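Subject: Structure for you to look at

Hello,

Below is the structure I said I would pass on. Please open it beside this email and follow along as you read.

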Amino acid sequence: MNQDALFKLAEEAIKHWDIEVKSLNLHLQSENTVFKVEGLDGNTYVLRIHRKGYHDLDELNSEHMWTSCLSNAGLLVPEAVVTRRGDAYKSVSFLNSDEYRYVGLVKWIEGTILNDLILDLEEKDVSDLYESLGKVIAKFHKATIAWEEPKDFKRHSFDVDGFLGDQPFWGRFWEAQNATASEREKLALIRNNMIETMSEFPKDINSFGMIHADLHSQNVLIQGKNLSVIDFDDAGFGWYGFDLAVAVWDRLDFTATGCHFDTAYESLIKGYLEERPNYEDIIGTIPTFLLMRTMMIIRWIEDRPEAGYQAFIPVLIKASIDQAKKVKLL
């Protein structure tokens with residue numbers, strides 16, 4: 001859908017909220033389309049037009065149930081703003097069309113994106129930030145453990161089937177069209193070995209529960225000494241180790257802003273264990289989930305040619321094979 005149609009949809013959607021609009025501008029167009037809304041009252045908001053077919057209304061409402069849980073636990077996360085009718089989301093149709101999108105509104109969170117700073121940071125600053133991030137992630141997990149899941153709660157699962165089953169959430173990476181036959185064979189073997197390994201990971205509430213699932217450094221905002229986390233679109237049930245792996249994956253040297261991996265990794269673990277001591281078993285799963293993250297992005301990129309990352313696929317395939325050898329899964 002073109003930007004003009006999306007802008008008209010945003011203009012129509014914002015009318016359902018009790019806000020006098022000063023300005024409405026496109027902020028980000030990725031899988032979802034995000035507009036920055038400034039109100040005449042001086043407040044700023046994020047209006048998010050959700051991609052077609054990714055989440056149904058129950059799943060979207062469940063996202064806000066969990067972020068409310070995190071907010072109540074003192075964590076800095078997006079706060080939903082309800083419509084005049086008290087709904088978290090509104091279904092809005094395109095002009096002269098039956099096609100619609102779900103639209104939600106949250107309060108704008110000020111801050112600097114961690115990824116925008118990372119290449120200019122000194123080692124000490126990286127250490128401090130990732131130790132803080134480790135503590136934040138531990139608090140996420142503690143909030144989930146203490147949370148009583150509502151009966152009507154609905155989100156996807158990043159379990160063995162969700163990662164590696166016949167129809168995994170992020171696609172069948174082992175069938176990547178941009179891989180050679182030999183590489184696909186290796187990826188399929190890694191997949192089979194990972195199924196065996198991950199099937200042995202515990203799934204009790206202390207190890208597996210609601211996770212953000214996309215905690216890379218573009219979704220972490222720095223506000224002075226505080227960190228906030230945004231974009232809960234992929235949040236679902238999964239192993240806590242995956243959250244930790246994603247948080248340091250983009251520090252690996254083959255990524256676009258790879259740097260300071262050892263410092264970030266060690267500091268993240270230090271912060272996490274300070275907040276959640278005696279969970280070294282979760283830390284032990286991180287290398288497996290770093291590999292999982294690499295492989296799932298292969299298919300994520302391949303299924304989204306419009307994103308323009310196709311040239312990165314061979315790098316990811318080689319990295320997957322190297323990582324798999326290190327963790328003895330190939």
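Is Lys8 buried, partly exposed or exposed? Lys8 counts as partly exposed because its relative accessibility is 36%. Buried means under 20% relative accessible area, exposed means over 50%, and partly exposed lies in between (1.4 Å probe, protein chains only).

Before the rest, two notes on how to read this. The model is predicted, so local features need pLDDT of at least 70 and side-chain atom pairs count only at pLDDT 80 or more, while totals for chains, interfaces and linings use all residues. Residues are numbered from 1 along each chain as its sequence is written, and side-chain values use heavy atoms, with hydrogens and water left out.

Salt bridges

The structure holds 26 salt bridges. A salt bridge here is a side-chain nitrogen of Lys or Arg within 4 Å of a carboxyl oxygen of Asp or Glu. One of them joins the side chains of Lys8 and Asp4, at 3.0 Å from N to O. Both residues lie in helix α1 (residues 3–14), four residues apart, which is about one turn of the helix. Helices (H or I, at least four residues) and strands (E, at least two) are DSSP runs, numbered from the N terminus. Asp4 is partly exposed, with a relative accessible area of 45%.

A second salt bridge is formed by the side chains of Arg48 and Glu63, at 2.8 Å from N to O. This pair links distant parts of the chain: Arg48 is in strand β3 (residues 44–49) and Glu63 is in helix α2 (residues 57–72), 15 residues apart. Arg48 is buried, at 14% relative accessible area, and Glu63 is buried too, at 4%.

A third one runs between Glu131 and Lys270, whose closest N and O atoms are 3.8 Å apart. Glu131 belongs to helix α4 and Lys270 to helix α8, so the pair ties together parts that are 139 residues apart in sequence. Glu131 is buried, with a relative accessible area of 16%, whereas Lys270 is partly exposed, at 47%. There is also a network of salt bridges that links Glu31, Arg51, Asp233 and Arg304.

A charged patch

Which residues gather in a patch of negative charge on the surface? They are Glu122, Glu123, Asp125, Asp262 and Glu266. Patches are made of residues with over 30% relative accessible area and no salt bridge; like charges are joined within 9 Å, and nonpolar side chains (Val, Leu, Ile, Met, Phe, Trp, Tyr) within 5 Å. Asp and Glu count as negative and Lys and Arg as positive, while His and the chain ends are not counted. The place of a charge is taken as NZ of Lys, CZ of Arg, CG of Asp or CD of Glu. Accessible areas come from the Shrake-Rupley method with a 1.4 Å probe, and for residues only the protein chains shown count as cover. Helices α4 (123–146) and α8 (261–275) each supply at least two residues of the patch. Glu123, which is found in α4, counts as partly exposed, at 42% relative accessibility.

Strands

β1 (21–29) and β2 (33–39) have a loop between them that contains Asn32. Asn32 is buried, with a relative accessible area of 8%. The two strands form a hairpin with three residues between them. They run antiparallel and are joined by seven bridges; two strands pair if DSSP finds at least two bridges between them. Leu24 has Val37 in β2 as its bridge partner.

β2 also pairs with β3, in the antiparallel sense over six bridges. The bridge partner of Glu38 is Thr44 in β3. The hairpin of β2 and β3 has four residues between the strands, and Gly42 in this hairpin takes a positive phi near 95°. β2 is mostly covered, as five of its seven residues are buried.

Elsewhere, three strands make an open sheet with mixed pairing, in the order β7-β11-β8. Its edge strands are β7 (157–158) and β8 (208–211), each of which pairs on one side only. β7 pairs with β11 (residues 236–239) in the parallel sense over two bridges, and Ser157 has Phe237 in β11 as its bridge partner.

Two backbone angles

Most residues other than glycine have a negative phi. His260 is not a glycine, yet has a positive phi of about 55°; His260 sits in the loop between α7 (240–249) and α8. Lys328 has a positive phi near 60° and lies in the segment after α11 (313–326). Lys328 counts as exposed, at 74% relative accessibility.

Regards
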